[in-house]
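The following exercises concern a single protein chain. Please work through each task with the sequence and the structure at hand before reading the solution.

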Amino acid sequence: MDEARKVLVKAVVYSVEKANPTLKNLLELHLKSTTGQGFELAYNNPTLFKESVAKLFGEYSSRLLEMIIIGYFRENLGMKADFSTLEDLVEYLKTVYG
């Protein structure tokens, strides 16, 4: 797993635990059973990740999780870029980490 993917997966896990720690295992199981991937799906296919979260928890919760993930990068990594979508964030990470 490359560095950008590791950073994003860490952010996703942190964000899910921040939103509701009891749902972490449920979400990971759902992702693996419906897409064949775990939290790395957020990096590999952020649109499908958000759709999968929305199917399980609803569209509002999917958007909330997306904003918590983006907020993680602002707060913990001092990222100054202003992203409004997970897709934009992933593209930025790919350029930064190569």
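**Exercise 1: Glu 66 and its partners**

Glu 66 is buried, as its relative accessible area is 4%; buried means under 20% relative accessible area, exposed over 50%, and partly exposed in between (1.4 Å probe, protein chains only). The model is predicted, so local features need pLDDT of at least 70 and side-chain atom pairs count only at pLDDT 80 or more, while totals for chains, interfaces and linings use all residues. Residues are numbered from 1 along each chain as its sequence is written, and side-chain values use heavy atoms, with hydrogens and water left out.

Task: Determine which side chains meet Glu 66 in a salt bridge.

Solution.
1. The criterion for a salt bridge is a side-chain nitrogen of Lys or Arg within 4 Å of a carboxyl oxygen of Asp or Glu. Side chains of opposite charge can pair when their charged atoms come close.
2. Lys 50 meets Glu 66 with an N to O distance of 2.9 Å. Because Lys 50 belongs to helix H4 and Glu 66 to helix H5, this pair ties together parts that are 16 residues apart in sequence. Helices are DSSP runs (H or I, at least four residues), numbered from the N terminus. Lys 50 counts as buried, at 17% relative accessibility.
3. Arg 63 meets Glu 66 at 2.6 Å, N to O. These two residues are 3 apart in helix H5, so about one helical turn separates them. Arg 63 is partly exposed, with a relative accessible area of 36%.
4. A network of salt bridges links Lys 50, Arg 63, Glu 66 and Glu 87. The structure holds 6 salt bridges.

**Exercise 2: Helix H6**

Task: Describe the salt bridge between Glu 91 and Lys 94, and identify the residues that make the nonpolar surface patch.

Solution.
1. The side chains of Glu 91 and Lys 94 are joined at 4.0 Å, N to O. Both residues lie in helix H6, 3 residues apart, or about one turn of the helix.
2. Glu 91 is partly exposed at 46% relative accessibility, and Lys 94 is partly exposed with a relative accessible area of 33%.
3. Tyr 92, Val 96 and Tyr 97 make a nonpolar surface patch of about 270 Å². Patches take residues with over 30% relative accessible area and no salt bridge, joining like charges within 9 Å and nonpolar side chains (Val, Leu, Ile, Met, Phe, Trp, Tyr) within 5 Å. Areas come from the Shrake-Rupley method with a 1.4 Å probe, and for residues only the protein chains shown count as cover.
4. Val 96 is placed in helix H6, residues 86-97. Its relative accessibility of 47% makes Val 96 partly exposed.

**Exercise 3: Pro 46**

Task: Is Pro 46 buried or exposed, and how far is its C-alpha atom from that of Thr 85?

Solution.
1. Pro 46 is found in helix H4.
2. At 10% relative accessibility, Pro 46 is classed as buried.
3. Pro 46 and Thr 85 are 39 residues apart along the chain, and their C-alpha atoms are separated by 9.1 Å.
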